[in-house]
Amino acid sequence: MKAFITLAVVCLVASALATPIELNEDQKAKAKAHFEECVKQENITEEEANKLRNKDFSDPSQNLKCFGTCFFEKVGTLKDSVIQEDVVLKTLGSIIGEEKTKKALDKCRDIKGEDRCDTGFQIYQCFEAAKAEVATA
């Protein structure tokens, strides 16, 4: 399970950084299960889930913010509204390089929103904003 969580963290952060990663069928199934759990837990519509997948951050509902945070928490990226840097550095660093990973973390590590959901959502937005700089660095 720990290996899956590590890989899921890599996939989420790497997707935010526009780095393609291939998942095997088992990993895809587990990611889908986490996705479905968070959809139910946070009561979001498919339209809202697609909005997040398409990186449309305009006018997010509280449920949408909580959904993204839920997923990050389930895969280990966030714990108590704090980025788990050691996990991100270990896994993502081996894929895109430690320096690029550190640059993204430097931009996003201290973000704190109004609540747990807002914090997770703002962190996701931060990684999205940092992706162009990280990709060209």
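These legends walk through an overview and close-ups of the disulfides in a predicted model.

As the model is predicted, local features need pLDDT of at least 70 and side-chain atom pairs count only at pLDDT 80 or more, while totals for chains, interfaces and linings use all residues. Residues are numbered from 1 along each chain as its sequence is written, and side-chain values use heavy atoms, with hydrogens and water left out.

**View 1. The whole chain, with 7 helices and 2 strands.** Going from the N terminus, the order is α-α-α-α-β-β-α-α-α. Helices here are DSSP runs of H or I with at least four residues, strands are runs of E with at least two, and both are numbered from the N terminus. Of the 137 residues, 43% count as buried, meaning under 20% relative accessible area with a 1.4 Å probe, protein chains only (exposed is over 50%, partly exposed in between). Look at contacts (heavy atoms within 4.5 Å) with a separation of 6 or more, and 66% of them come from residues 24 or more positions apart. About 7,500 Å² of the chain is exposed, with carbon and sulfur atoms supplying 51% of that area; accessible areas come from the Shrake-Rupley method with a 1.4 Å probe, and for residues only the protein chains shown count as cover.

**View 2. The disulfide of Cys38 and Cys70.** The structure holds 3 disulfides, each a pair of cysteine sulfur atoms within 2.5 Å. Counted along the chain, the bonded cysteines pair up as 1-3, 2-5, 4-6. In this view the S to S distance is 2.1 Å, and the torsion about the S-S bond is about -80°, so the link is left-handed. It bridges distant parts of the chain, with Cys38 in helix α2 (residues 25-42) and Cys70 in helix α4 (residues 62-75), 32 residues apart. Both cysteines are buried.

**View 3. Cys66 meets Cys117.** Their sulfur atoms sit 1.9 Å apart, and this one is right-handed, with 100° about the S-S bond. Cys66 belongs to helix α4 and Cys117 to helix α7 (residues 116-136), so the pair ties together parts 51 residues apart in sequence. Cys66 is buried at a relative accessible area of 8%, and Cys117 is buried at 4%.

**View 4. Cys108 and Cys126, joined by a disulfide.** Here the sulfur atoms are 2.1 Å apart, and -90° about the S-S bond makes for a left-handed link. Cys108 lies in helix α6 (residues 98-108) and Cys126 in helix α7, so parts 18 residues apart in sequence are tied together. Cys108 is buried, with a relative accessible area of 0%; Cys126 is buried too, at 13%.
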